[in-house]
Every structure is written in C-alpha cells, then in structure tokens.
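Visitor: I'd like a close look at one spot where two helices pack against each other. Could you walk me through how they meet, and then what surrounds them in the chain?

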Amino acid sequence: MSPHGNPETPASSATEINREAPKASPAPEHHDRSTWGLWEVFVRSSRGLSHVHAGSLHAPDAAMALRNARDLYTRRNEGVSIWVVPADAIAASDPDSKGSFFESPQGKDYRHATYYTKSEGVKHL
Amino acid sequence: MSPQAPEATETTGHGDISTGVAGGDSNASATRITPGNALRPEDIALEVKTGLAKPSEDVAEYALRLGDDALILAQRLGHWISRAPELEEDIALGNIALDQLGHARSFLTYAGAGMPNEDGTAKSEDDLAYFRREHEFRSVQLFEQPNGDFAATIARQFVVSYYQYELYRRLTESTDATLAAIAAKAVKEVDYHRDHSTQWVLRLAGGTEESRTRMIHGLRTMWPYVNELFQDDELTEKLAQAGAAVAPSSLREDFDRLIADVLKEAELEVPDVPAAPGGGRYGRHSEYLGYILAEMQVLAREHPGASW
C-alpha cells in the first residue's frame, strides 16, 4: 500500500476484513455470505430495443449488482436500462445436447415462408 | 492529465473519439458504444484559445480551488486501482477518480485562462497540475487525506460527494456561463458518487462487527476536515454576491441534514471531534500533499513537454 516512501500506512488493509464473521444484520439475497454471488447483466442500449446479455459480475446483493453493472458495463454510454439476474436463477440448455436440441429444424425448409411459391393473384404478401 | 500533445487537443466537435466504434459495425459488440454528447475539457480549452471563455482573476482563483480539490481526490482514488477489496469495486473507485479528473481538467483549463504565462498565453491544465508547488495548491485538506482502509476512503467519499453535490447543484445557476456548464456536467456524476458512498456506509455499518468498527473509525478520521469545506472568505463572499460562485457556508445546512439522514439509517453518530485548523485554500496543507504531488508530478517534471 505504500510505494515510493508514501507515509500513508493504513491501520490494516481492507482486504483483511474477516468475511466469515457473523453479520450484525443478515443480507437477504445470499445464503452463502463468504463470497459475493455471481450476477448476469443485461443492458438495453436504447428505447425500443431489447436487453442484451453484456456479461457477468460479482456483487453482495441486487442493489450493488445494479451499481456494479452500471460501473462495469455502461462506461462507454452503452445503455439506458440494466437488468441483473442471479446467475443461478438462469436455467440454460445443455451444450452437449446440441444435436438433439438444435439440429432438428435444419433441412426443414417448409417451415420457412420462402419454401412456398406465391399463388397467382394473392395480394399483400 | 492530457495524454496528447497540445496540437492534438485542438479538436472541435464531439465526433473524434468515436472512430471505428459508433460508426462501425453495430453487431460487433452485444452492446452499442457511443461517445455521447457532453461538455469536455477540450471544448473549454478551445473556448479559452479563441477568447470565448475569459474568467476574471477572481473567478480563475475560484475555479483553481475547485479544480485542485477534484485533482487531488482523483489522484488519491487512483491509488485504489488494483487494490480494492473486489474487482468490481476497483472499477467503481476508478470511475469516480476519472469523473473527478474530468472535473479537475475542466476547472483547471478555465482557471488557466485567467492566469496567463509571462508571454500572455493561458496556462494549460498541465501547467497548473504539474508545475505548481505544494503551497500553490488551493485544495482543502480533506481531499489529500490518506486513503486508509476501504472504510476510511468511503468516509472521505461520503463527505466529499455530499459536499460537491450541494456545491455543483447551486453552481449550475452561476452567472459565469463556463462555471455553470462545468457544474451541470459534474453534478450528475457526483450524484452517483453520493449513491455509491451511501450504499457502502450502510453496508459497512450494518455488516460485520469489524466493518462497523472500521466505518466508525473512518468517519472519525475524516471528520476534523469537514469544517474547512464550509468556510467563507473574502473571495467567495465577493463572488457569491456577484452570483458567480456559491458561498461555502450556504451549503452547510443541506449537507448536515442529508448526512444525518444516512448516518441515522446506518445507526451511526455524527462524529464529535475537534476541527482541524485548515488553510488549504491559502496553500497551507497537511503533511500528505507533498507526497501526492511528488508522485503525481515526477514524470511531467522529468520530461517537460513530453507527450505520450
């Protein structure tokens, strides 16, 4: 903490805070308080567009997650709205079952409008 | 401060920092990046150069005070980068430091216009930041106080952000258009700094025994320097009467009330400690400023006029 002979020697470093110690008041969001939970961040870049996944971060609770998201993911004017979601609240498809999950629609041209020839005389298509 | 050579800063308009990003492929990133449109220190430098912005000697001195406050705080907060308790907080403090540095650049650029060099040209932000000596700095002593532990830094941020918010909020109505414009940009940023420090005061105070003890200690460490923020003097009285500046004493009531609200919620007391003698506005500083300046100025003084 004190390079170049800087005399500011803190009483002790902030990283030495004992996170295992019992809390005076319990934080509601996280059962395991020894580490900050993981949150997924979604940013809406402007009105009318949908929120897009921007990345993830650690935060002790939802309020701080929003603020951390603002600091991490909107530094370059990226957004007008942020959602944060606890990472463990997201159910994701299994990457290993790609074949059975996502390859079935391939080759099924008839599910696309372009497969069909336009009937004569039909307007407004 | 400015990483560019003087020639390179003579840009007009706002489009020059967006190269290859805003105008490029918008699908390149999940989120879209734009430079936005806001007052930049370069715009003020341009106004100074073209003679559009010309502060009186008094206004320049006032701008120098506010600029020095922000500059010294930016340097202090920058020290947290790579040292904060968590990566996310590292960036949060870094962002706040950069906001402060931006305010410092604007104020110092404007101040320089009222403090000509011997050849009559305006002093640049770099002249003022890097080539003044300790007793020439006009920052109040709170800003140079050591970072201490995270709670001490939060305590300093807590005081500073509430003070600056009340100051800039009123300064947006300054009769001096440039001061008002700088304040209008700064007040929104400082509003977020208030929120940041408040969130942490509440969490540290309501966290563990350890964090609470540290928060109380941090507040006690910083509180002697609170008084100096609100002291009027001849300069501020004169400028406040003219409507250009804000009388520091006029901020005290709102500051006390808002601070008390947060401390009450955090179940903390306003520290009862004697006030430090102060004198920063007249170049009388605590023992810490010299070390900050040594570190901040060494490169510029070692290689005067260098650009990087």
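Guide: Sure. In this predicted model, let's start with helix 2 of chain B, which passes helix 9 of chain B in a left-handed crossing. Helix 2 covers residues 57-78 of chain B and helix 9 covers residues 234-242, and their axes come within 10 Å, crossing at roughly 115°. As for who touches whom, helix 2 of chain B brings Asp58(B), Val59(B), Glu61(B) and Tyr62(B), while helix 9 of chain B answers with Leu235(B), Lys238(B) and Leu239(B). Sort that contact by class and you get four nonpolar residues, three charged ones and no polar ones.

Now step back to the chain as a whole. Chain B has eleven helices and zero strands, so to speak α-α-α-α-α-α-α-α-α-α-α when you read its elements from the N terminus on. Of its 308 residues, 43% are buried. If you take the contacts in chain B with a separation of 6 or more, 73% of them link residues 24 or more positions apart.

Then there's the nonpolar interior. The largest nonpolar core has 74 residues, and Ala63(B), Phe107(B), Leu142(B) and Val159(B) have the most contacts inside it. Helix 5 of chain B, residues 150-171, gives this core its largest share, 14 residues. Zoom in on Val159(B): setting aside neighbours within four places in sequence, Val159(B) is in contact with Leu142(B), Met222(B) and Val226(B). A second, separate core of 14 residues includes Trp39(A), Phe42(A), Val43(A) and Ala54(A).

Key
Residues are numbered from 1 along each chain as its sequence is written. Chains are lettered from A and ligands numbered from 1 in the order in which they are written. This is a predicted model: local features need pLDDT of at least 70, side-chain atom pairs count only at pLDDT 80 or more; totals for chains, interfaces and linings use all residues. Axes are lines fitted to C-alpha atoms, for helices over the stretch in contact, and angles run from 0 to 180 degrees between N-to-C directions. Helices (H or I, at least four residues) and strands (E, at least two) are DSSP runs, numbered from the N terminus. A crossing is left-handed if the near helix is turned anticlockwise from the far one by less than a right angle, and right-handed if clockwise. Two residues are in contact if their C-beta atoms, placed from the backbone, lie within 7 Å. Ala, Val, Leu, Ile, Met, Phe, Trp, Tyr, Cys and Pro count as nonpolar, Asp, Glu, Lys and Arg as charged, and the others, Gly among them, as polar. A nonpolar core is a set of buried Ala, Val, Leu, Ile, Met, Phe, Trp, Tyr and Cys residues joined through C-beta atoms within 7 Å. A residue is buried if 20 or more other C-beta atoms lie within 10 Å of its own, exposed if 12 or fewer, and partly exposed in between; C-beta atoms are placed from the backbone.
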